[in-house]
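Visitor: I should like to learn how to read the features of a structural model. May we take them one at a time?

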Amino acid sequence: MMKYISTRGEAPELTFEEVLLTGLAVDGGLYVPKEVPTFSKEEIESWRDLPYAELAHKVIYPFVEGCVDSDALAKILSEVYGGFAHKAVAPLQQLDHNEYVLELFHGPTLAFKDFALQTLGRLLDYVLERRHEKVVIMGATSGDTGSAAIEGTKACKNVDIFILHPHGKVSEVQRRQMTTVTGDNIYNIAIEGNFDEAQDMVKASFGDQSFLKGERKLVAVNSINWARIMSQIVYYFYSALNLGGPVRPMAYSVPTGNFGDIFAGYMAKKMGLPIEQLIIATNKNDVLHRLMSKNKYEVHPLMHTITPSMDIAVSSNFERLLFDLYDRDGAALSELMGRMNAKTDVVELDEEKLAKARELFDSYAVDEDATIKIMQDVFEETGYLLDPHTAIGVKAAREVRRNNKIPMITLGTAHPVKFEEAVLRAGFDMPKLPHHLTDLMEREERMDVLPADLAEIHKFIADKTFG
Ligand SMILES: Cc1ncc(COP(=O)(O)O)c(C=O)c1O
Ligand SMILES: N[C@@H](CCOP(=O)(O)O)C(=O)O
């Protein structure tokens, strides 16, 4: 059975079921598999003709074995990916010779988050039924995780869900996708603050759950929960297999905020998929690009952009990468994270660790004008409208690609219909909302606006859950 360990080295080892039902480790770290499952090229090659759900079973099962029955997992995955609007689930769109966008927006909320959160909701149901437990979900969103988490868990009988988003800083479609879902276990909190403050409050809540009063525990739906990363690994295998991998290597450009999606790509590589290049593509909230290019980790104030989902200054999952770069030394990582999270001094990585990071990743930051320009260029070249986040990935790929002979795949992380400001600014008409969302703008909204104050948020959650 797979065991999971904390990046800070001082929390107990957990099983998959226990990891699913938590968020941060008690030592403040993030859980990662103790040993990463690996597959030979021949084994990966033998999966070439599998439909998405069956491939997902091959990739995910080693992470959950012993906690989730194989047939039950197969049923969950077939239900989840059978519900996507495109039969291929994650189709590739070709932009140029050896240049592709992997469309990850055919799930119910039109962003890549559905891949993991639809599965996570069903896995929660599966284990909570068996344990006769109820949980409280607390999540932070810069726009997309929130609606995908709500869609993924709204039918879960044993869950109350509280999603914090930065008030006025997500797009209208994103907000409405969260606030119009009906269900007396769903709570949307618009905080008077930014995404980082929301994420900090969620993380702090895992450290002291006494506000929950009863027996209930907190569960994370952000990518600090390993169950998120696990499901996101699958589409790297799927896209590579569709383009001749693992015989041919692939390169990926990943629009990055919390470093979850690109960490999933790094995991796919560790599991045996030949990935030659992974590009960290950021907007002007570019802390990771500055670290990679100048070896200076310095958190600047968060800026609001036309790519709101990537308006993140502290990328949670970078800690998982640092854990590997520092040879899985929990004590060294605790010390480093202490300095990075203090946000007071500029932190530098050891040169040797930085060199390792640069072997694995390239990075590039794209400002708003360049984002608009690449949306226009790609439309002119192909007639294809990119969402602004995906556009950042395409631009970064074109700037820092290492080898034109290797297929470059940019993760298409969201549908452009969610981002009116960028689409209109680029001079395009808004695409139509898909059938299941046509009346989104007329639906009634439900949300509470609260200050970015942990005590107030805890009181709100306690009142709603136990009042
Ligand atoms: C549309 C979109 N693109 C990119 C990202 C960045 O992904 P990650 O946070 O996993 O780096 C997000 C949010 O996470 C997103 O919603
Ligand atoms: N971009 C996300 C922010 C949270 O990231 P997550 O992948 O850790 O959930 C969003 O759109 O909410």
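Visitor: How far apart are the end C-alpha atoms of residues 3-81, and how much of the span is helix and strand?

Guide: Helices (H or I, at least four residues) and strands (E, at least two) are DSSP runs, numbered from the N terminus. In residues 3-81 the helix share is 44% and the strand share 8%, and the end C-alpha atoms lie 27 Å apart. UniProt lists this span, in an unreviewed entry, as "domain: Threonine synthase N-terminal". UniProt positions are given in the numbering used here, feature names are shortened, and annotations may be inferred rather than shown by experiment.

Visitor: On what basis are such values given?

Guide: This is a predicted model, in which local features need pLDDT of at least 70 and side-chain atom pairs count only at pLDDT 80 or more, while totals for chains, interfaces and linings use all residues. Residues are numbered from 1 along each chain as its sequence is written, and chains are lettered from A and ligands numbered from 1 in the order in which they are written.

Visitor: Which residues does the annotation "domain: Tryptophan synthase beta chain-like PALP" cover?

Guide: That UniProt annotation, from an unreviewed entry, covers residues 94-331. Over residues 94-331 the chain is 40% helix and 20% strand, with 45 Å between the end C-alpha atoms.

Visitor: How should I read the packing of helix H4 against helix H5?

Guide: Axes are lines fitted to C-alpha atoms, for helices over the stretch in contact, and angles run from 0 to 180 degrees between N-to-C directions. The axes of H4 (residues 70-82) and H5 (residues 113-131) come within 9 Å and cross at roughly 140°. Two residues are in contact if their C-beta atoms, placed from the backbone, lie within 7 Å. On the H4 side are Ala72, Ile76, Leu77, Glu79 and Val80, which meet Gln118, Thr119, Arg122, Leu123 and Tyr126 in H5. By class, this contact of H4 with H5 has six nonpolar, two polar and two charged residues. Here Ala, Val, Leu, Ile, Met, Phe, Trp, Tyr, Cys and Pro count as nonpolar, Asp, Glu, Lys and Arg as charged, and the others, Gly among them, as polar.

Visitor: Is Lys113 buried or exposed?

Guide: A residue is buried if 20 or more other C-beta atoms lie within 10 Å of its own, exposed if 12 or fewer, and partly exposed in between, with C-beta atoms placed from the backbone. Lys113 counts as buried because it has 34 C-beta neighbours inside 10 Å. This residue lies in helix H5, and UniProt (unreviewed entry) annotates Lys113 as "modified residue: N6-(pyridoxal phosphate)lysine". Leaving aside residues up to four places away in sequence, Lys113 touches Asp144, Thr145 and Ala148.

Visitor: Which residues are around ligand 2?

Guide: A residue is near a molecule or strand if its C-beta atom, placed from the backbone, lies within 6 Å of it. Around ligand 2 are Thr141, Ser142, Gly143, Asp144, Thr145, Gly146, Asn222, Ser223, Gly257, Asn258, Gly260 and Ser309. By class, this shell has no nonpolar, 11 polar and one charged residues. Helix H6 (residues 144-153) gives the most to the shell, with three residues.

Visitor: Which residues come nearest to ligand 1?

Guide: Of the 15 residues around ligand 1, the nearest are Asp144, Asn258, Gly260, Ser309 and Thr413. The shell around ligand 1 divides into five nonpolar, eight polar and two charged residues.

Visitor: Why is helix H7 described as largely enclosed?

Guide: Six of the eight residues of H7 (residues 172-179) are buried, so the helix is largely enclosed by the rest of the structure. The buried residues are Val173, Gln174, Arg175, Gln177, Met178 and Thr179. Their cover includes H6, strand E6 (159-166) and strand E7 (186-192).

Visitor: Where are Leu110 and Asp327, and what of their backbone angles?

Guide: Leu110 lies in the loop between strand E4 (99-103) and H5, and has a positive phi of about 65° although it is not a glycine. Leu110 is buried, because 27 other C-beta atoms lie within 10 Å. Asp327 is placed in the loop between H13 and helix H14 (330-342), and has a positive phi of about 50° although it, too, is not a glycine. Asp327 counts as exposed, with 10 C-beta neighbours inside 10 Å.

Visitor: Which peptide bond is cis?

Guide: The bond from Gly245 to Pro246 is cis, with omega near 0°. Pro246 is in the loop between helix H10 (234-242) and strand E9 (250-255).
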